[in-house]
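User: I've got a structure open here and would like to talk it through with you. Could we go over it question by question?

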Amino acid sequence: MAQASSQAGSTPRTHRVVVIVDENSNPFELGCATEVFGLRRPELGRDLYDFSLCSPEPLTPMRDKFFTLTGVAGLGAADTADTLIVPNRPDTDVPRRPEVLDAVRRAHARGARLVGFCSGAFTLAEAGVLDGRRATAHWQWADSFRARFPSVRLEPDVLFVDDGDILTAAGSAAALDLGLYLVRRDHGAEAANSVSRRLVFAAHRDGGQRQFVERPVLDVPDESLAPLLDWARERVGEPLTVADLAARAAVSPATLHRRFRAQLGTTPLAWLTRERVALACRLIERGEERVDVVARRSGLGSAANLRARLRRETGLGPSEYRRRFGPGTAPGAASDIGAGREAASTGRR
């Protein structure tokens, strides 16, 4: 496997993502990181990240010895990361290697962004960087995590948590959610949408969404929300209401609310608002500078509402968002890991 995917002429400002792979690491999460951060992006005309893998050993057996990873950099590559993704393994009770934990601590001390997918939260907690911080992990390990790391503020029923310079994702698929969230933070909604289309994956699932929803087996065919969502996305800039959505689905607003909760883990109004904010982001990225026009065309109504909603979702006001993601933004200039830390945390309940 190649160590890096960046082109030889990539600029010095390209944000570097390094993944530590350790013995018994899960290949799925490694694949998620590679797909989101490591692939070339000819459709965007530039690569978003400088991506590489590293390992404490030259031969690294992956989970259950399905295969062995070779040819990657040594652990010293972690010291060059702007974003460091830490190992995740199913054997959560086995202590991590001291040299891996030291690499995590060094990265944290110099201000790198740390990311844990699934059981990667155990690696971060064992390194001591999560003390007093918010995090999430897979629901099946919530009790053991709390018992081992009582000083960490665990939120076990959300998809991912953004706690500033440390971000954690719950289950395997949530690694993709968090990865796309980071692309959106670093490079804007258009880039995240492009990556999600290539993945054939939802561009945005809110981090506060529940990890799983208990749903009984139905005696009648399930009525998917997909046709309604497609219809609404085509009209999101119009003055749609929850009542309009319910009328389109031929159900009561209360029934629609229950279906949204069951299928998406959110409410119709929250979904509609996020779609409108996403449209507003795209309009700003494409060069629309008039805040009132963006507010009207995105369905958010007023400039004041646009400012409030955009700041809540992205941590940035319209002018700040335009400076970071508008036309002419230099590649890599938006990858400052400190940006957006004052945003409302994504895993907040």
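What follows is a short run of questions and answers on this predicted model.

User: Let's start broad. How many helices and strands are there in the protein chain?
Analyst: The protein chain has 349 residues, and 52% of them count as buried. Its secondary structure comes to 13 helices and 11 strands.

User: Of the contacts between residues at least 6 apart in sequence, what share joins residues at least 24 apart?
Analyst: We're looking at contacts within the protein chain here, leaving out pairs under 6 apart in sequence. The share that joins residues at least 24 apart is 66%.

User: And the surface: what part of the accessible area belongs to carbon and sulfur atoms?
Analyst: The accessible surface of the protein chain adds up to about 15,600 Å². Carbon and sulfur atoms hold 51% of that.

User: On to the strands. Is β2 largely enclosed or left open by the rest of the structure?
Analyst: Take its two faces in turn: Y49, F51, L53 and S55 sit on one side and are buried, and D50, S52 and C54 on the other are buried too. In a regular strand, side chains alternate between the two faces of the sheet. Seven of the seven residues of β2 (residues 49-55) are buried, so the strand is largely enclosed.

User: Which strands pair with β2, and in which sense?
Analyst: With β1 there are six bridges, in the parallel sense, and V17 stands opposite F51 in β2. With β5 (residues 73-74) there are two bridges, and C54 stands opposite A73 in β5. So to name them, based on at least two bridges counting as a pair: β1 pairs with β2 in the parallel sense, and β5 does so in the parallel sense as well.

User: What handedness does the unit of β1, α1 and β2 have?
Analyst: The two strands in question, β1 and β2, pair in the parallel sense. Together with α1 they make a β-α-β unit, and that unit is right-handed.

User: Now charges. Which parts of the chain does the R97 and E23 salt bridge tie together, and how far apart are they in sequence?
Analyst: The two side chains meet with N to O at 3.7 Å. R97 lies in the loop between β6 (83-85) and α2 (98-109), and E23 in the loop between β1 (15-20) and α1 (27-38), so the bridge ties together parts that are 74 residues apart.

User: Which residues are linked with R97 and E23 in a network of salt bridges?
Analyst: E23 itself is partly exposed, at 38% relative accessible area. The network that holds E23 and R97 also links D22, E57, R89 and D91.

User: Which helices does the R148 and E126 salt bridge link?
Analyst: The closest N and O atoms of the two are 3.8 Å apart, which is a salt bridge because the cut-off is 4 Å. R148 counts as partly exposed, at 33% relative accessibility. The two residues are 22 apart in sequence, with E126 in α3 (residues 120-126) and R148 in α4 (residues 142-148).

User: What is the N to O distance between E320 and R311, and how many salt bridges does the whole structure have?
Analyst: E320 is partly exposed at 28%, and R311 is partly exposed at 41%. Their side chains meet at 2.6 Å, N to O. A search of the whole structure finds 25 salt bridges.

User: Let's turn to the rings. Is the F122 and F145 pair stacked, tilted or edge-to-face?
Analyst: Across the whole structure there are eight aromatic pairs. In this one the centres are 5.0 Å apart and the planes stand at 85 degrees, so the pair is edge-to-face.

User: Which residues form the aromatic cluster that holds F122 and F145?
Analyst: F122 lies in α3 and F145 in α4, so the pair ties together parts 23 residues apart in sequence. F122 and F145 are both buried. The cluster is made up of F122, W141, F145 and F149.

User: Last one: which residues of helix α13 are buried?
Analyst: The helix runs over residues 318-325. Its buried residues are covered by parts including α5 (172-187), α6 (189-199), α10 (268-285), α11 (291-297) and α12 (303-314). The buried ones are P318, Y321, R322, R324 and F325.

Notes
Residues are numbered from 1 along each chain as its sequence is written. This is a predicted model: local features need pLDDT of at least 70, side-chain atom pairs count only at pLDDT 80 or more; totals for chains, interfaces and linings use all residues. Side-chain values use heavy atoms; hydrogens and water are left out. Helices (H or I, at least four residues) and strands (E, at least two) are DSSP runs, numbered from the N terminus. Buried means under 20% relative accessible area, exposed over 50%, partly exposed in between (1.4 Å probe, protein chains only). A crossover is right-handed if, with the strands pointing away from the viewer, the path from the first strand over the helix to the second runs clockwise. Contact means heavy atoms within 4.5 Å. Accessible areas come from the Shrake-Rupley method with a 1.4 Å probe; for residues, only the protein chains shown count as cover. Rings of Phe, Tyr and Trp (its six-membered ring) pair if their centres lie within 6.5 Å; planes under 30 degrees apart count as stacked, over 60 as edge-to-face and the rest as tilted.
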